[in-house]
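Here is a short briefing on one structure. The topics are a sheet, the helices packed on it, and internal cavities.

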Amino acid sequence: MAGRVLELRVHGVSNTPPGQLLGMQPEPGEPAAQPWLVAGDEVTGFYREPTPPHPDRPPADNGPTDNGPTDSEPTGSGPTDSGPTDSGPTAGAPTGGEPVVVEAYSWGQLTSGARTARDVERALWTLLLPFTLANVALHARPDIPADPDRERWASRSGIAAWLIRLFCLSLTGTLVLAATGIGVDLVGWQCVDPDCLRRVPGPWEFLGHGWWGEDAHALAVGLLLPLGLIALVGLLSWRTYQYEAEMPAGPSGPPVGVPLANPLQDPTFWCGEGQLRRAAVLHLCCGTVVAAAVPLGAVLAMDPPRGARAALAWSTVALLALPVAVAVVALGRPYLTRRAGHTPLGPYSFLVVVSTLAGLAGAVVLLLLPDGPAGVPLADLRPPVGCAVRPATPGCGVDRSLPGYDWIIAWWAVGQLLLLTAIGGVSRSGRRALAAPVAAGLALATGVAWVTGWLPPVLPDPPDRLDRWMLVAPALGLAAVGLVLPRPAPDVPPRDRHAALAWGGRGPALIAGVGWLLGMAYSAGVLYWISNRLNSGDRVTVVPPGPVRWAGLVFAVVLLVVLATAARAGVIFAGLRHREYARLVTPGRRLSAHDVRRCRDVSAFRALHRLVGEHAVRLAGRCGAVVAVLAALGCAAALSQAVPQPAPGSGWGVLVTGAADSGDALLGWLPVLIAALGLLVYRNDAVRRSVGVLWDIGTFWPRAAHPLAPPSYAERAVPQLQTRTAGLLALPEDDPRRVTGIILSGHSQGTVICAAMIFQLPARWRRRVWFFSYGCQLARLYGRVFPAYFGPERLPALADALTDRSGRACWTNFWRDTDPLGWPVSAARRELAVQDPEGLHPTGGEITDPPIRNHGGYPESPEFRAERDRVAGLLRQGVRLPRQGVG
């Protein structure tokens, strides 16, 4: 008999059910049959269609077993010797061979799940979207070496990786700063009225009187909120380590001594548990340092220590500075950044933990000690009781925040903006682009020294606030110079201009910048929302920090920019649709109402295909450039220490204030809206298909930069798919489960999972695998945004890995001009355009119009079935037939 061929289908982001993925159709009047789980579990499983036994063979048990696959392979639901039929995907094989067995790999429960309480837990992961985007930025670097052991810190990719990891560390600090602002500033410092304390959930009224209302004792209690948040995030991260702990059953990667052609061939790419644990320690400890440094720094500035108190204070500062110094150095060293399996934390991690805990203990002791030699008791420096009723009371100013907290937030945002500029400049132009952001940082440091009086004034009598603006704005402008430096020409220019590098190499900065804006929006929105809840009616007891007001104004303008970009996309879509409609209509021919409707429908999908493939990346880049300018202006405004407020008789001032108020109100609901959208992504198929693709792209990549990001589903999907593929191909010849070859059939995001698995598969198994990709995003999306893995210089390595000994590339790519996410892939070397729809009118006795399948239904197309039959015959050619007995 001929060898058996298995088609292993991997679905995309829509989490297609296994039965639908297998093409199972219920018989009229019969209940829908359920697919058999032949390997895995309900979260990630491999399914086959239960089929009746072949008439020439005894019945076989197709049900699940405890040892993985069934004892006998299903044989298909249609005729076995008559060629292709319309009876389903398992039917159809070259004459004389067994039908192609279809198996479906369902991984969508890792990101979608059923409609259970777990959906709410998964939806909360969307609140960590800033961490996800910052982590994705690491993989968007253009010049990542194929062998990670060859990456040097001083190289373009090495410096960019170090800067991105520093930015990720600062993003953790942003989250902690917001929580510290709520607990230490709003509650511990400003909330002194009994009416305000009653609005805090829990028995916190004791903070307003007695021993807890004296000195800085309430600030120590306020630290409980950021420390609790750090513990919660650390627990969530620890619970997801099993993703990175998933390992393939057999050896993976290329043989020893064979050079790597793509970073995805790295055997440790999908097993980073050790690196994740070490990085998580640094992030959690540095977050603890930030939480403790805010109240400690304010107290030391208001009440400079002396004597024994000074010794304790500066020892505490040194202990808190040590983890930050270790983290800055360690984030650029291979022993932390190199991915590996389960490895110990090492002495540096224990040193960081001990130093952080000791510094935190010292900070709490200092906050609980009585006041030192301050001229005014610290409790008297807090906003006095009754500010809500008598705002004119001394001490009830516009800014009632903890001294220095506004300054910390503003400079923290400016530092992150400079980091993003450096990331974009280095990714585009190399090390020379560092000069601009470094010069900007020095200019800002000089400005700080001048404002604080450490340097003599430049002008004898400068105008009001000129001392802040005259260096801030030029410094930010100088930093932007690094983004306009020319980029070296690529070694292999792409043949398709729409497959060129996205955003001129600034992709890491743009992706991380979106995460930064979301993180700042979350933080500002939560601070604004909490401050409103602590105030009663029109009585203002607590006020948010000044930079929060500017964040609301910037957010309101950013929304207008996004809406303008969407409007521009709509105009482009209308023009493309008009041109596609003109191509469908024959000049001079009079169309019926039916033909007009069908041509409009088809032209709409073709226009959407071109809009996404030819214009989406460019529109996103232009929108990002405008938002970057707005973010820089917002940072400069925050450093001015002013707040947006209307000037007397000024209409523009009223407009600005109204926009700021509206933006702050929207920011307050932004985390709730994001979580609700995340819940809909998991529970609504329409939202899942439109929004879930972005989420699945973000969570595809391993947590190599930000350890507190949501887990990567590919950390489990890729090793499991590799184990299943190699396990079936490695079975002995007498095993009834053995297959001769596998058609690895990936749809949409499934093509990316399949490509990553093929790079990890040993060469002896790749020779018996043929790759089908359809609805494929490897060239127009992944190739442009992640060029080091799927760019024009790296994607051909996938075709080379699938090339057999006869020089035949075993990769077929299917695409449609109505599929917005599926495009040609030149590296596939065999392209098949699938007609969609099959006609504008009913044919073959049908009474309804052929459907427009756009992004789905590829296996049902005639082109797909014919190609599968051809490939199945090629995979069987190398199978030696058994000897026939004589006599």
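In which sense do strand 2 and strand 3 pair, and over how many bridges? In this predicted model, strand 2 and strand 3 (residues 45-48) pair in the antiparallel sense, over four bridges. Leucine 37 stands opposite tyrosine 47 in strand 3.

**The sheet**
- Eight strands make up an open sheet with mixed pairing.
- Their order is 2-3-4-1-5-6-7-8.
- Strand 2 (36-40) and strand 8 (831-833) each have a single partner strand, so one side of each is left without a neighbour in the sheet.
- From one strand to the next, the twist averages 25°.

**Helices on the sheet**
- Helix 23 (residues 749-760) packs on the sheet and touches strand 1 (5-10), strand 5 (741-747) and strand 6 (769-774).
- The direction of helix 23 makes about 140° with that of strand 5.
- Helix 28 (residues 862-877) also packs on the sheet, touching strand 1, strand 4 (101-106), strand 5, strand 6, strand 7 (811-815) and strand 8.
- The direction of helix 28 makes about 170° with that of strand 6.

**Cavities**
- The structure holds five cavities of 30 Å³ or more.
- The largest cavity has a volume of about 50 Å³.
- Its lining consists of Thr172, Leu175, Val176, Leu229, Ile230, Val233, His283, Leu284 and Leu708.
- Helix 4 (156-190), helix 7 (224-239) and helix 9 (273-302) each supply at least two residues of that lining.
- By class, the lining residues of the largest cavity are seven nonpolar, two polar and no charged.

Notes:
Residues are numbered from 1 along each chain as its sequence is written. This is a predicted model: local features need pLDDT of at least 70, side-chain atom pairs count only at pLDDT 80 or more; totals for chains, interfaces and linings use all residues. Side-chain values use heavy atoms; hydrogens and water are left out. On a 1 Å grid over the protein atoms alone, a cavity is a set of points where a 1.4 Å probe fits but cannot get out, and a pocket is an open set with protein on both sides within 12 Å along at least five of seven lines; lining residues have an atom within 4 Å of a point. Grid points are joined across faces, edges and corners, and a volume is the space filled by probe spheres set on the points. Ala, Val, Leu, Ile, Met, Phe, Trp, Tyr, Cys and Pro count as nonpolar, Asp, Glu, Lys and Arg as charged, and the others, Gly among them, as polar. Two strands pair if DSSP finds at least two bridges between them. Axes are lines fitted to C-alpha atoms, for helices over the stretch in contact, and angles run from 0 to 180 degrees between N-to-C directions. Contact means heavy atoms within 4.5 Å.
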